[in-house]
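I opened this one to see how the strands sit together and where the nonpolar residues end up. My notes follow.

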Amino acid sequence: MSTQTRGVVEGRRSPLCYVLLTTLSAALACVDQTSDSTAPEEGPQDVILAVSYVGTANPDPLEEYEVKVHLIDRQTREGGIPSFRTRLDRLRSGREFTISRRKPGLYYVEAQLDWTKDGSWDEFEPSSEPAELNIDRSKPAHMSIVLHDRTSPNDRGWLVGTATYQGLGASGTHQLYFVVQRPADFSTVVQVRAPSLFGSGISFGTNDVFFTTEKRVPAGTYRVVAYWDVNGNGAYDRSEPVGDRVPVFVSPGLPSVGVDIALR
Ligand SMILES: [Ca+2]
Ligand SMILES: [Ca+2]
């Protein structure tokens, strides 16, 4: 609409205009009276959550995690687990998550961050305290949720991963070692031996070889390397299959999962 045209409409209204405006005002007044004289409309309402994380977890800054919100009706036990994905640094500053149209009632609410990305709730994963939320009949429900660590800052973390090897002689009674090293000087922090399959040693090819350091690694940044100890001396020798050093973060009391090493 041009400036000139707008001026005509606002400044010199036609008789038809006044009729329409008067009718519209009357209609609005009628609506106002109706809404004033009855109870608010009942029905499902949005749940607007302010979700944040407080803790010491030190993830890869590009990693995204799923936050699951358990929202269960106290009376009917019905509900669901809506979720969203986010980076942990974004969650530290808080973000809003809206769950649309839930039936009014008293709900149980608890949220959890799936640190291990396995779709299940592990006891060490950041989570919120259980709380109750009343979803009113006439307006959206608001709630703050704080996810916090289940561990303390000085707790040790651990690494979980696998090794693969496609070379000749991909099975044997030799041992496979995983070494967690400090990045500055490659000194060893923890060395673990992969469990032998059926007590007969390592067999690559059909299965990746699984390892865990268990809770032995202080929080920090490390490199992990794996080698196949062919001569059985408990140390790496130059002719033995070995993988590249993989950088990992270890957070207090949390596992670093998915550390995969390809031996050559
Ligand atoms: Ca999990
Ligand atoms: Ca060796």
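**Burial, before anything else.** I call a residue buried if 20 or more other C-beta atoms lie within 10 Å of its own, and exposed if 12 or fewer do. Note to self: this is a predicted model.

**Pro44.** Is Pro44 buried or exposed? I counted 12 other C-beta atoms within 10 Å, so Pro44 is exposed. I found Pro44 in the loop between helix 2 (15–37) and strand 1 (45–54). Then I looked up what Pro44 touches, not counting residues up to four places away in sequence: Arg101, Arg102 and Lys103. Arg102 is 58 residues from Pro44 along the chain, yet I get 4.7 Å between their C-alpha atoms.

**Whole chain.** I went through the secondary structure and got 3 helices and 17 strands. Of the 264 residues, 24% count as buried. I also checked contacts with a separation of 6 or more: 70% of them are between residues 24 or more positions apart.

**The sheet with strand 1.** Strand 1 belongs to an open sheet of 3 strands, order 5-1-8, with mixed pairing. Strand 5 (95–102) and strand 8 (141–148) are the edge strands, each pairing on one side only. I get an average twist of 25° from one strand to the next. Strand 1 runs parallel to strand 8, and 8 bridges join the two. Which residue of strand 8 is the bridge partner of Tyr53? I traced it to Leu147.

**The sheet of 4 strands.** Next I followed an open sheet in the order 12-11-15-16, with antiparallel pairing. Here the edges are strand 12 (188–193) and strand 16, each of which pairs on one side only. The twist averages 30° from one strand to the next. I counted 7 bridges in the antiparallel pairing of strand 11 with strand 15. For one bridge I looked at Gln175, whose partner in strand 15 is Asp229.

**Strand 9 and its partners.** Strand 9 runs parallel to strand 17, with 7 bridges between them. On the strand 17 side, Leu263 is the bridge partner of Tyr165. Strand 9 also pairs with strand 14, antiparallel this time, over 4 bridges. In that pairing I matched Gly161 with Phe211 of strand 14.

**Nonpolar cores.** In soluble globular proteins, nonpolar side chains tend to be buried together. I went looking for such groups here. The largest nonpolar core has 23 residues, and Leu159, Ala163, Val224 and Ala226 touch the most other members. Two or more residues each come from strand 9 (158–165), strand 11 (175–181), strand 14 (209–212), strand 15 (220–229), strand 16 (246–250) and strand 17 (255–263). Which strand gives the largest share of this core? Strand 15 does, with 6 residues. There is another core, apart from this one, with 20 residues, including Val47, Tyr65, Val69 and Ile145.

**Ala163 up close.** I picked Ala163 out of the larger core and listed its contacts, leaving aside neighbours within four places in sequence. The list has Leu176, Asp208, Val209, Phe211, Ala226, Gly243, Ile261 and Leu263. Two names in it turned up earlier in my bridge notes: Phe211, the partner of Gly161, and Leu263, the partner of Tyr165. Ala226 is also in the list, and it is one of the core members with the most contacts to other members.

Note on methods: Residues numbered from 1 in each chain as written. Chains lettered and ligands numbered in written order. Predicted model: local features only at pLDDT ≥ 70, side-chain atom pairs only at ≥ 80, totals over all residues. Core = buried A, V, L, I, M, F, W, Y, C linked by C-beta atoms within 7 Å. Contact = placed C-beta atoms within 7 Å. Pairing = 2+ DSSP bridges. Axes fitted to C-alpha atoms, helices over the stretch in contact; angles between N-to-C directions.
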